[in-house]
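Visitor: Got a minute to walk me through this one? I'd like to start with the charges.
Guide: Sure, here it is.

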Amino acid sequence: VFVRMEIYNITGQVIRTLVAENQSPGVYQIRWDGKDDQGLSVASGVYNYVINAGSFNAIKKMQLLK
């Protein structure tokens, strides 16, 4: 199943793509280092993350504190 996990800022811009690959069913753990796709640290605040895996789709909020 192709899995994509992306982090968006509050304005809806993609900040970081954490996963974009085929994966087998199972339990996975992803850790975000608080950086964008260019390797720059992002500000503390509220971010959304989106997970798409086959027919499964989820949007959740998280708060980054530094």
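Visitor: How many positive and negative side chains does the protein have, and how far apart do the centres of the two sets lie?
Guide: There are 7 positive and 5 negative side chains, and the two centres lie 8 Å apart. Lys and Arg count as positive, Asp and Glu as negative, with His and the chain ends not counted. Each charge is placed at NZ of Lys, CZ of Arg, CG of Asp or CD of Glu.

Visitor: What should I know about the model?
Guide: It's a predicted model, where local features need pLDDT of at least 70 and side-chain atom pairs count only at pLDDT 80 or more, while totals for chains, interfaces and linings use all residues. Residues are numbered from 1 along each chain as its sequence is written, and side-chain values use heavy atoms, leaving out hydrogens and water.

Visitor: OK, back to charges. How many salt bridges in the whole structure?
Guide: Three. The criterion is a side-chain nitrogen of Lys or Arg within 4 Å of a carboxyl oxygen of Asp or Glu.

Visitor: Which residue does Arg4 pair with?
Guide: Glu6, with the closest N and O atoms 3.4 Å apart.

Visitor: Are those two buried or exposed?
Guide: Arg4 is partly exposed at 29% relative accessible area, whereas Glu6 is buried at 11%. Buried is under 20%, exposed is over 50%, and partly exposed is in between, using a 1.4 Å probe and protein chains only.

Visitor: And what does Asp33 meet in a salt bridge?
Guide: Arg16, at 2.8 Å from N to O. Asp33 sits in the loop between β2 (14–22) and β3 (45–53) and Arg16 in strand β2, so this pair ties together parts 17 residues apart in sequence. Asp33 is partly exposed, at 48%.

Visitor: Which other residue forms a salt bridge with Arg16?
Guide: Asp37, and there the closest N and O atoms are 3.8 Å apart. Asp37 is in the loop between β2 and β3, 21 residues from Arg16. Arg16, Asp33 and Asp37 are joined into one network by salt bridges that share partners.

Visitor: Switching topic: what's the secondary structure?
Guide: Zero helices and four strands, running β-β-β-β from the N terminus. Those are DSSP runs numbered from the N terminus: helices are H or I with at least four residues, strands E with at least two.

Visitor: What does the C-alpha trace span?
Guide: About 35 × 20 × 20 Å along its principal axes. Buried residues make up 27% of the 66 residues.
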